[in-house]
2 protein chains.
Amino acid sequence: MGNIRTIPSQCGTVSDMDARSPSPPSPWLPFASRRRARDEKREAVLRMAVALFLEQGYHRATLNEVARRLNITKPALYNYFRGKDEILFECWAIGNELVDDCIAETSSGGGSGLDKLRKLLLLYAELMTEDYGKSLVRFDIRDLSEDNRKIVRTAKRRIDRAFRDYIAQGIADGTIKPCDPKLAAFAIAGSLNWIGHWFQPDGAMTGKAVAEEFAIRLTEGIATTSKRKKADKPPGTSKPSREDRGEHHARTAPRAAGQSKRTRHRLR
Amino acid sequence: MGNIRTIPSQCGTVSDMDARSPSPPSPWLPFASRRRARDEKREAVLRMAVALFLEQGYHRATLNEVARRLNITKPALYNYFRGKDEILFECWAIGNELVDDCIAETSSGGGSGLDKLRKLLLLYAELMTEDYGKSLVRFDIRDLSEDNRKIVRTAKRRIDRAFRDYIAQGIADGTIKPCDPKLAAFAIAGSLNWIGHWFQPDGAMTGKAVAEEFAIRLTEGIATTSKRKKADKPPGTSKPSREDRGEHHARTAPRAAGQSKRTRHRLR
DNA sequence: TCCGTATATTACCCATGGGTAATAAATAGT
DNA sequence: ACTATTTATTACCCATGGGTAATATACGGA
């Protein structure tokens, strides 16, 4: 019946949406040999859902379409999730765990406040170029249940605090110029979050390249010592190498196992 | 029947929505003496709509609710607009005209590239603290008709170009350090656009204060000469004066008259 | 005072899409 | 093989909300 078509798009500084990741594969063969690990399929639903939600927007995306792209039908999804909003929440939750990984990795490594801030910037920025990272800033908290909304708000505060703490720490140890940590964090996080709105993997720069550029640029203004890798000349306007980009740091793979903490509702 | 309640909220660095402007007044008296200028009422619909769209999100907000808050009924709205998506577009269009004003004001005033960039930053940032400004970055382009979508994309490119041009100009005249104008514009605009996501008028800072802070901070990193108004001490973490905030620069009032150019469809 | 126009209202249509009930197919265990 | 369990399917329900048709009310002008 309803034949939905994908929508064109384009980047832009002010806003503009739409991220067409090449649409993840499905573990469901077209109505034939089934029975693979439950978690694997649950995972596949989320990967497909997050891609579709980003591509079309949560409200325009239908569960029918999510299911169709997985070679199954809508009611099958209810074996793994309570409803659409729970799928949205789980997508967000995965992104949130990835951010936690970033923070943990940053905190464990030593260095000055500025060093840590730069490290977090780098990891966070790169995350913003991936689907689950984008879900953190593109999804609307108001689409969630009241309970999940509370969880999200708490998590956001945690992330915010990480940025502010590093800045405050940098001011204390003299690597960052005196400034208001709150506002500085807002300014920096704003830039980073916006990456999730304009970055498209098929652009001129890789996610890693964008992340590295932003990590330097956003700390130039508040660092007490300037630090440019390649002299002061205009940094090559693009790093089109695109090299490997394989396994930049624990991601996707390790996720499959050990769904870990949080309110992971096991159904039935 | 359906009794909709407003939703709680809170700011946050990562995302978080919801802007509760005190809900604009309605020119429709509760089903009594009517007949005021048509444009005035059209304007009122847009003001109420933009506030509701920001408060609840476009898809959750209903035309019934827009109408109810205006003391009218849904079909009455169709005297002024073709449909919901056109209302959304018109909200965006007003915001866009305000940005154009910012650019025009900046371009007309002289100064170095850095001066112009700072000026535009200041005006743009302040705009992001207001409803129509927020609509530029919070509304989803995919909710528009194909025609209007094209218009929006073109306009966004124009704005983007303004930022890049000033940066390039600054590099040329030596007031801005050599850098990639495209990425620098993305970083700056990202910070500014994000204001539209977290700023709430009832917070600790006024829109003007936020704008001034960001205008300085975001140019510190790329300026060839540092420029801090109040020495280098931590700038008062808040400017709680809240003074007048009256008529910061042509806005709202002048808008009422002369709907001006663009595809303003006169109905019937 | 009566009419025409603009602008409301009430009452409805209906497409969309989230969600559910009943049932069928596949697999694992014994 | 037979059965229990999981995991699909088909067929349906129904609340929501954008949009429309028919009609009523108010106002300006002659």
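**Exercise 1. In which helix of chain B is the place of Leu52(B)? Find it, then describe its surroundings.**

Solution. Keep in mind that this is a predicted model.

- Step 1: Look along chain B for helix α1, residues 38-56; Leu52(B) has its place there.
- Step 2: Check how much of the residue is accessible. Leu52(B) has a relative accessible area of 0%, and buried means under 20%, so Leu52(B) is buried.
- Step 3: List the contacts, leaving aside neighbours within four places in sequence. Leu52(B) touches Gly57(B), Ala61(B), Thr62(B), Glu65(B), Val66(B) and Arg69(B).
- Step 4: Now look back along the chain. Ser23(B) is 29 residues away from Leu52(B) in sequence, yet their C-alpha atoms are separated by 8.0 Å.

**Exercise 2. Decide whether Asn96(B) is buried or exposed, and name its contacts.**

Solution.

- Step 1: Asn96(B) is found in helix α4 of chain B, residues 84-108.
- Step 2: The relative accessible area of Asn96(B) is 8%, and the limit for buried is under 20%, so Asn96(B) is buried.
- Step 3: Setting aside neighbours within four places in sequence, Asn96(B) is in contact with Leu136(B), Ala155(B) and Ile159(B).

**Exercise 3. Work out how helices α5 and α8 of chain A are arranged, and which residues make their contact.**

Solution.

- Step 1: Find α5(A), residues 113-127, and α8(A), residues 181-198; their axes come within 10 Å and cross at roughly 20 degrees.
- Step 2: Angles under 35 degrees count as roughly parallel, so α5(A) is roughly parallel to α8(A).
- Step 3: The crossing of α5(A) and α8(A) is right-handed.
- Step 4: From α5(A), the contact uses Leu117(A), Leu121(A), Tyr124(A) and Ala125(A), while α8(A) brings Ile188(A), Leu192(A), Asn193(A) and Ile195(A).
- Step 5: Sort these residues by class: seven are nonpolar, one is polar and none is charged.

**Exercise 4. How many of the residues of helix α6 of chain A are buried, and what do they pack against?**

Solution.

- Step 1: Helix α6(A) spans residues 131-138, and eight of its eight residues are buried.
- Step 2: Among them are Asp131(A), Lys134(A) and Arg138(A), along with Leu136(A) and Val137(A).
- Step 3: Within chain A, the buried residues of α6(A) pack against α1, α4, α5, α7 and α8. They also pack against α8 of chain B.

**Exercise 5. Trace three salt bridges of chain A, and say which parts of the chain each one joins.**

Solution.

- Step 1: Start with Glu55(A) and Arg69(A), whose closest N and O atoms are 3.3 Å apart. Glu55(A) sits in helix α1 and Arg69(A) in helix α2, so this pair ties together parts 14 residues apart in sequence. Both Glu55(A) and Arg69(A) are buried. They also belong to a network of salt bridges with Glu65(A) and Arg68(A).
- Step 2: Go on to Glu126(A) and Lys208(A), with closest N and O atoms 3.9 Å apart. Glu126(A) is in helix α5 and Lys208(A) in helix α9, so the parts tied together are 82 residues apart in sequence. Glu126(A) is buried at 4% relative accessibility, whereas Lys208(A) is partly exposed at 32%.
- Step 3: Finish with Arg217(A) and Glu213(A), which meet at 3.2 Å, N to O. Both lie in helix α9, four residues apart, about one turn of the helix. Arg217(A) is buried, with a relative accessible area of 9%, and Glu213(A) is buried at 7%.
- Step 4: Put these in context: over all chains, the count comes to 32 salt bridges.

Notes
Residues numbered from 1 in each chain as written. Chains lettered and ligands numbered in written order. Predicted model: local features only at pLDDT ≥ 70, side-chain atom pairs only at ≥ 80, totals over all residues. Heavy atoms only, no water. Helix = DSSP H or I, 4+ residues; strand = E, 2+ residues; numbered from the N terminus. Buried < 20%, exposed > 50% of the residue type's maximum accessible area, 1.4 Å probe, protein only. Contact = heavy atoms within 4.5 Å. Axes fitted to C-alpha atoms, helices over the stretch in contact; angles between N-to-C directions. Parallel < 35°, antiparallel > 145°, perpendicular 65-115°, else oblique. Left-handed = near helix turned anticlockwise from the far one by under 90°. Nonpolar A, V, L, I, M, F, W, Y, C, P; charged D, E, K, R; others polar. Salt bridge = Lys/Arg side-chain N within 4 Å of Asp/Glu carboxyl O.
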